[in-house]
Amino acid sequence: MRITTFVILGLLLCTQVRAQDVTAYHLRTPSADEYVTRIAEIAGQQADQEVWPTRTLYPNLTNALFWRFPDLSAVDYEQILATYDAMGIGQDGTFWKRGQWVEAILAAWLRQTQPDLRGSSELTFADFRIGVTPRDFDGDGQDEFVLDVIKGERTDRYDCRYQADYVNYLVVQYTGSGYEFVESPLPWEGYGTDSAVTNFGEGGQVDYGFEDINADGLPEWLVLRGGETFGGPGMGYENTGRLYVLGWRDGRLVDLAATGNEREYPYSITAYGEDAGVCQGAVPRDITWEFSNLDGDASQEILQHQVYLDNWRCLARHTRILDWDGAQDRYVQIDERHDFPEDSQNCARRQAEEAMWTGDYERALERYERALNLPPFIDPDETDVEGDELWRHYARDRRLTYDEYHIARMALAYQLTGQPEKAHEILDPLRDQAFTYEPVRYLVEALAAAQDTPMGACMAAYTSAATHFDSDSGYYLLGETQEQYYDTYVRYSPARVGCDVASLIAAELQTRSFTADRSPEDYVNDFGVGARRAIHADLNGDGREEWLIWPQVMLAPFFFTLDETGTYAVTTPAIDPFGRADKIYLWPLPDDAGIAVAYLQSARARTFPEPWACLYDSTCGIGGSGAECSPDGYMALTMWRMEGDVLVTMLYDEDVCVTDFAALFPGGEASATIDGGAFNWSDGRSTPLRYEWDSESQTFARFDALAESTATPTPIPTPEPQYWSVNQALAAGDYAAALTLLDDSIAYEQSADLDRPDLLYAYRFHRAFILEAIGRPDEALAEYIALYENAPDSAWGSMAALHLEPVA
């Protein structure tokens, strides 16, 4: 029913076709030669037309040709070449099917000329140059032949861009009647007129070796493909590529390092990306491969090394180790390593920094001291007197900033290891120095003024780092090791840039005992941390008060709970360490569940979750509209309650439209209902927002959530399409699926009213071919007649005429 309905709609699209017209023609079968010749004629008629229509027409003509005649080797190769030239395929950078045409020309030439590849190292015809290398891929004693094919302008495979129509390695074997192509995953490369936009033609492929590396008795062919460049000015550039490990399997070459799904990324375990300039050739700048037997079995492992400069300007190396898995018949990654091929000042500083972050201050000092005796990395931009002056200054300032920052960090390491005298030998001469990076000056001043204890120095460093930073120039520096600029992002962290004071205080707390004979606030003040804010109440109704104390340094508060023996336990609940809310509320809960701790604050304030947030938050400072809530904007409600000895979150940053905390509870204290007014993030409108107390979970839940079933429906997975295109379905020989996909495309063209008759003609022509293939010749004939009689002057009417033979 679906097909019949479509035929009727299709015929009505142009005009009615009279029933007697169908009987005026027989369905004929044209030859491949007729198709190729007719396409050349159509291309000649299109020579003066706009370019964009031909970019739809020529790919569709190509489909029509190769679907019907996948083998054109019997057609005169010169005629195929003439048709290729008539369509201007070699100059069209967006013509992705160029490879089909070139390989058809080459296949026809091989069949018609029957060259002796055994005695040739290079062959030429027309504008083709073909290098010939004999290789026995299948181990049968008879050579196959690698054809290094270049069509168009002569190209060196090591160039960064191929100025040629087509460049590829093709493999052929002799079958007794002639040469046939061997299937291979290697893609063709080539030049296009808009290559600067599409990257078409950048990079390429080179032969990298031919040996049996996996000990399976057959040689593997290694082909290196690289230099495809992505990115742009201001973003940097990334060159990508992969190493093909090609092995002979069932009469074809397959990549033994591929993941098995070309739709996945990365599609090969040898895929790489490197930071490099534009126009990189096939051979990467920073990646090398080593083949070595590491485990003593018969096969060799593949070691893929990548070197790069990290954000500390340290030359680092990442190694991916691949091992042969005979059961899977492919290479798999078994390990990866990270090391430093050069012992440099910058690498020693990086290692010192990373030791500081883990609290290994002795190791950090050893590396800082070693760095003093190693040569620094000098950026080439800094010494390039003919280069851009702005880049020279930037490179110089970055190097000086590293110098200043690391010497201050070395002083901190001395303080943290109980060597304040050595710290002051560094700090005192720096106090009057001008600094390239202003936050380092604040760090030096804070360390110089800090108490000569590890705790005092750590708190000073943390506070300085949290208070003083430069979002414009600090991104390349601090708190993170950025291995490669295009796949990691630096996050600023005072705990790393200064010191992890939370860990230091936690460790100090574990060494002390706190009893009820003194106030927890006094304890905090006594051991040097200092209390910035404190509240106390009996939160769980056991007759003993709990304490929340915020330290002077910006950290989460300490939660003191008193047990039956009169001893306090200390935890650090996940409560906002910065005290953004002006007031902290203590509110009785229903069911005698204790007293909640709550914040009610402007929702705009949460745009600044910490003082340095704007450094990596592009929306920092951008608040939402609260016009429908109140003149002050919508508010954010957060509540905690005590469970056991800890505080747990009940509500977190819930949007409400009430600015008076007590007004949230219409029933007063211990109310089981929170009426939060209205706000809906999805559409920005006011909607009822209410929370009900749930006695079982001892928390507040959204009222609409309580009304819904708690059963979670099992999601129905969306099946992945069997085929993504008509081409893919036809390649699999599934004509029924191809017809369904094509009908969907036709229905879309008609329903969307896109006014693209030439494209619709092409679809109908393709439909006629599929109808023929599935044994419905009468419907196919009707399609051809409709095209011919309703659009005789169009390309597709001309093509349809090839299928019609008038009844005598």
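In the predicted model, the strands β16, β17, β18 and β19 form, in that order, an open four-stranded sheet in which the pairing is antiparallel. The edges of this sheet are occupied by β16 (531–537) and β19 (568–571), each of which pairs on one side only, and the average twist from one strand to the next is 20 degrees. Between β16 and strand β17 (residues 546–551) the antiparallel pairing extends over six bridges; within this ladder, Ile 535 has Leu 548 of β17 as its bridge partner.

Another open sheet of four strands, again with antiparallel pairing, is arranged in the order β12-β13-β14-β15. Its edge positions are held by β12 (287–292) and β15 (330–339), and each has a single partner strand, so that one side of each is left without a neighbour in the sheet. The twist in this sheet averages 25 degrees from one strand to the next. Strand β12 is joined to strand β13 (residues 301–309) by six bridges, the two strands running antiparallel, and Trp 289 finds its bridge partner in β13 at Gln 304.

The number of disulfides in the model comes to two. In one of them, Cys 314 is joined to Cys 347 with an S to S distance of 2.0 Å, and the torsion about this S-S bond is about 95 degrees, so the disulfide is right-handed. Because Cys 314 is located in the loop between β13 and β14 (315–325) while Cys 347 belongs to helix α8 (residues 345–357), the pair ties together parts that are 33 residues apart in sequence. Both ends of this link are shielded: Cys 314 is buried with a relative accessible area of 0%, and Cys 347 is buried with a relative accessible area of 1%.

A disulfide also connects Cys 458 to Cys 499, with an S to S distance of 2.1 Å. Here the torsion about the S-S bond is about -95 degrees, and the disulfide is therefore left-handed. Cys 458 lies in helix α14 (residues 454–467), whereas Cys 499 is found in the loop between α15 (494–497) and α16 (501–510), so this pair ties together parts that are 41 residues apart in sequence. Cys 458 is buried, its relative accessible area being 0%, and Cys 499, at 4% relative accessibility, likewise counts as buried.

Aromatic contacts were examined next, and the count of aromatic pairs comes to 33. In the pair formed by Tyr 35 and Phe 69, the ring centres are 5.2 Å apart and the planes stand at 75 degrees, so the geometry is edge-to-face, an assignment that applies to planes over 60 degrees apart. This pair links distant parts of the chain, with Tyr 35 in helix α3 (residues 32–45) and Phe 69 in the loop between α4 (51–68) and α5 (77–86), 34 residues apart. Tyr 35 counts as buried at 0% relative accessibility; Phe 69, at 14% relative accessibility, also counts as buried, because the limit for that class is under 20%.

An edge-to-face arrangement is likewise found for the aromatic pair of Tyr 169 and Trp 221, with 5.5 Å from centre to centre and 70 degrees between the planes. Tyr 169 belongs to strand β5 (residues 166–174) and Trp 221 to strand β8 (residues 220–232), so the contact ties together parts that are 52 residues apart in sequence. Both Tyr 169 and Trp 221 are buried. Elsewhere in the chain, one aromatic cluster is formed by Tyr 585, Trp 587, Phe 661, Phe 665, Trp 693 and Phe 700.

Aromatic rings also take part in contacts with arginine side chains. The charged end of Arg 441 sits over the ring of Tyr 442, at 4.4 Å from the ring centre, and Arg 518 lies over the face of Tyr 523, at a distance of 5.2 Å from the centre of that ring.

Helix α22 (residues 777–790) was considered for its length and burial. For its 14 residues, a rise of 1.5 Å a residue gives an expected span of 20 Å, which agrees with the 20 Å separating its end C-alpha atoms. The buried residues of α22 are Ala 780, Leu 781, Ala 782, Glu 783, Tyr 784, Ile 785, Ala 786 and Leu 787.

Note on methods:
Residues numbered from 1 in each chain as written. Predicted model: local features only at pLDDT ≥ 70, side-chain atom pairs only at ≥ 80, totals over all residues. Heavy atoms only, no water. Phe/Tyr/Trp six-rings, centres within 6.5 Å; stacked < 30°, edge-to-face > 60°. Buried < 20%, exposed > 50% of the residue type's maximum accessible area, 1.4 Å probe, protein only. Lys NZ or Arg CZ within 6 Å of the ring centre and 35° of its normal. Expected span 1.5 Å × (residues − 1). Pairing = 2+ DSSP bridges. Axes fitted to C-alpha atoms, helices over the stretch in contact; angles between N-to-C directions. Disulfide = S-S within 2.5 Å.
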